[in-house]
Amino acid sequence: MTHLETDTPIETGEAGALDGRALRRTLGQFATGVTVVTAAHPVTGEVVGMTANSFSSVSLDPPLVLWSIVREAKSLPVFLEATHFAINILSEQQLDHSNRFARPGSDKFADVAWSPGAGGAPVLEGVAGVFECARHAEHDGGDHIIMVGRVERFARYERPGLVFARGRYGITAEHPWAEEPTGFARVDGVPHPYDDFLIPLLYRAYSNLFSGFSVHLEEEGTSGPEMRVLAYLSFRPGSTAELVSRGSYLGDQTTDEAIAVLHGQGMLTGTADSGLSLTEAGAERLKTLFRHAERFELEQLGSVDAVEVATLKRLLRRLTDSDDETC
Ligand SMILES: Cc1cc2nc3c(=O)[nH]c(=O)nc-3n(C[C@H](O)[C@H](O)[C@H](O)COP(=O)(O)O)c2cc1C
């Protein structure tokens, strides 16, 4: 049996019996970038812009690109009068621009930083790239008009572009199977054989990060286990020592030791058997430690792309979903 014989589509369509939504969903299987196409009226100077993912390259010589605009678009009359348009390729940080320029009617340019490009077409700040184009041709495209532009100027920035696929925004990430085999990571100069497994990777990442954070903890005279006990009791006040031990993965002995120290410092009220809670001093200490944690993350992860960090945190949260009583 070949692969194709078992490959059953979820939905299909044929001329004469096309379900528009199924057609859209199937079109959405094709991942695109997201652009904001802009133009300025040559006489009034009115500027328009709209989110478009129909952008495509056409020709290198001459340099032609296209996009298509729905005939109902409010901004269509300006695009048809303008001498130029600018294709602003949104960066992954510009999701809000995409939403804003997809909403008809509103003052789309309020609070948006831009400067006039060729023919006055707005060039937005913070984009991944931009093509300033002279209008070259228009073609009938059913309920859309296909606009072809000749690139007069372009600019590329060191920012990844925003992605749109399956009706949702995404980011570009190198497919892990496409990565060049780099060999094993090295630990103390020795090739590390377990680099493909999640748990050893998590352990090593944790241990690297934690050794940096322990400097912050020392500054506040608090140990790692003490911080975890404080954090657990902040969202589960009244827990017994047994619950704290289970929820913080510290084990009974380490938990009891941490509780004894925190009690001695006036950070906890209650007893291990009947339930423990933070005192005001305990809550204050935890707040200070969280401020350290924020600073630490900025130091450690400030140079890593913010969207990548958010993606990592989301994945880690998913992996802890079955386990929301722990910290
Ligand atoms: C991701 C995304 C891609 C879009 N792509 C297009 C497109 O290629 N062409 C188009 O006419 N409308 C597209 N739209 C819809 C327009 O942005 C929307 O209709 C906009 O309100 C038109 O602006 P206007 O009516 O103020 O001119 C897209 C919307 C989104 C969210």
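**Figure 1. The ligand in its pocket.** In this predicted model, the ligand sits in the second largest pocket. The shell around the ligand counts 18 residues, and those that come nearest are Thr51, Ser54, Val70, Ser75 and Ala102. Sorted by class, this shell has 9 nonpolar, 6 polar and 3 charged residues. Two strands are good landmarks here: β3 (47-52) and β5 (64-70) each give at least two residues to the shell.

**Figure 2. Polar contacts to the ligand.** Let's look at the ligand atom by atom. A polar side-chain atom of Ser75 is found 2.4 Å from a ligand oxygen atom. At Lys74, the partner is a backbone N or O atom, which lies 3.0 Å from an oxygen atom of the ligand. Asn53 also takes part through its backbone, with a polar atom 3.0 Å from a nitrogen atom of the ligand. How much of the ligand's exposed area does the protein bury? Taken alone, the ligand exposes 640 Å², and 82% of that is buried by the protein.

**Figure 3. An aromatic pair between two strands.** The structure holds 10 aromatic pairs, and one of them is shown here: Trp67 with Phe85. Their rings are 6.0 Å apart, centre to centre, with 75° between the planes, an edge-to-face arrangement. Which parts of the chain does this pair tie together? Trp67 belongs to strand β5 and Phe85 to strand β6 (residues 84-89), so the pair links parts that are 18 residues apart in sequence. If you are moving over from the ligand views, β5 will be familiar as a strand that supplies at least two residues of the ligand shell.

**Figure 4. A cis peptide bond before Pro62.** Here the focus moves to the backbone. The peptide bond from Asp61 to Pro62 is cis, with an omega near 5°. Most peptide bonds are trans, which makes this bond worth a look. To find the spot, follow the loop between β4 (56-59) and β5, where Pro62 is located.

**Figure 5. A positive phi at Asp111.** Most residues other than glycine have a negative phi. Asp111 is not a glycine, yet its phi is positive, at about 65°. Where along the chain is Asp111 placed? Asp111 lies in the loop between α3 (95-101) and β7 (114-116).

Technical notes: Residues are numbered from 1 along each chain as its sequence is written. This is a predicted model: local features need pLDDT of at least 70, side-chain atom pairs count only at pLDDT 80 or more; totals for chains, interfaces and linings use all residues. Side-chain values use heavy atoms; hydrogens and water are left out. A residue is near a molecule or strand if one of its heavy atoms lies within 4 Å of it. A polar contact is a pair of N or O atoms within 3.5 Å; within protein, one must be able to donate a hydrogen and the other to accept it, and residues adjacent in sequence count only if both atoms are side-chain atoms. Accessible areas come from the Shrake-Rupley method with a 1.4 Å probe; for residues, only the protein chains shown count as cover. On a 1 Å grid over the protein atoms alone, a cavity is a set of points where a 1.4 Å probe fits but cannot get out, and a pocket is an open set with protein on both sides within 12 Å along at least five of seven lines; lining residues have an atom within 4 Å of a point. A molecule sits in a cavity or pocket if more than half of its atoms lie within 2 Å of its grid points. Helices (H or I, at least four residues) and strands (E, at least two) are DSSP runs, numbered from the N terminus. Ala, Val, Leu, Ile, Met, Phe, Trp, Tyr, Cys and Pro count as nonpolar, Asp, Glu, Lys and Arg as charged, and the others, Gly among them, as polar. Rings of Phe, Tyr and Trp (its six-membered ring) pair if their centres lie within 6.5 Å; planes under 30 degrees apart count as stacked, over 60 as edge-to-face and the rest as tilted.
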